Amino acid sequence: MFPTGRIFDRRTKLLKQMRSRRNSPYSMPRSAAKNKRVFLDASVIVAAALSPSGGSFRCLHEAPLQGWQCLTSSYAMNEAYGALQRKRPDRVGILVDVVGMSRLKFVRDANSREVEQASLVIDHKDAPILA
């Protein structure tokens, strides 16, 4: 399900505005940003799917343009999908756009031993992401 009508027009307009800001004095120089790896948890992915004018969406849009490599895990993606399915099923289709736009790559999920070790320093429900 891809956005249509007013939402799509608004999103297209925002993308054009963001592209024009790329050369602003506030944007990071391309050379400084090359080869950055950014891990995205479910909250960033959900926020990007919910708000095409928000910071998460902008980060995901700018990532490939700046040379950043966006990473996530299937655990985080399933968590994001589940949250959208429960709270805003009408936005689940945008999730596909977000993944494609950012050229999101998946890292392996943590094994049970890694999750157990991470649970020593963080809440158990967040341990699969930290691990």
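Begin by selecting the three strands of this predicted model, which form an open sheet in the order S1-S2-S3, with parallel pairing. The edge strands are S1, residues 37-39, and S3, residues 105-107, and each of these pairs on one side only. If you follow the sheet from one strand to the next, the twist averages 40 degrees.

Next, select strand S2, residues 69-73, together with S3, since the parallel pairing of these two strands runs over three bridges. To find a particular pair of partners, pick leucine 71, whose bridge partner in S3 is lysine 105. Now add helix H5 to the selection: this helix packs on the sheet, where it touches S2 and S3, and its direction makes about 80 degrees with that of S2.

Stay with H5, which spans residues 74-87, and select alanine 80 within this helix. Is alanine 80 buried or exposed? Its relative accessible area is 0%, and because buried means under 20%, alanine 80 counts as buried. Leaving aside residues up to four places away in sequence, you will find that alanine 80 touches Ala42, Ile45 and Val46. Of these contacts, isoleucine 45 is worth displaying with a distance label, for although alanine 80 and isoleucine 45 are 35 residues apart in sequence, their C-alpha atoms are 6.4 Å apart in space.

Now bring in helix H6, residues 92-102, and look at how the axes of H5 and H6 come within 9 Å and cross at roughly 150 degrees. Because angles over 145 degrees count as roughly antiparallel, H5 is described as roughly antiparallel to H6. To see the side of each helix that takes part, select Met77, Tyr81, Leu84 and Gln85 in H5, which meet Val92, Leu95 and Val99 in H6. Coloured by class, this contact shows six nonpolar residues, one polar residue and no charged residues.

Finally, turn to the charged side chains, where the count comes to two salt bridges. Side chains of opposite charge can pair when their charged atoms come close. Select aspartate 90 and arginine 88, whose closest N and O atoms are 3.0 Å apart; aspartate 90 is partly exposed at 40% relative accessibility, and arginine 88 is partly exposed at 35%. Then select arginine 108 and glutamate 114, which form a salt bridge with their closest N and O atoms 2.7 Å apart. Here arginine 108 is exposed, with a relative accessible area of 59%, whereas glutamate 114 is buried, with a relative accessible area of 19%.

Terms used: Residues numbered from 1 in each chain as written. Predicted model: local features only at pLDDT ≥ 70, side-chain atom pairs only at ≥ 80, totals over all residues. Heavy atoms only, no water. Helix = DSSP H or I, 4+ residues; strand = E, 2+ residues; numbered from the N terminus. Buried < 20%, exposed > 50% of the residue type's maximum accessible area, 1.4 Å probe, protein only. Contact = heavy atoms within 4.5 Å. Pairing = 2+ DSSP bridges. Axes fitted to C-alpha atoms, helices over the stretch in contact; angles between N-to-C directions. Parallel < 35°, antiparallel > 145°, perpendicular 65-115°, else oblique. Nonpolar A, V, L, I, M, F, W, Y, C, P; charged D, E, K, R; others polar. Salt bridge = Lys/Arg side-chain N within 4 Å of Asp/Glu carboxyl O.
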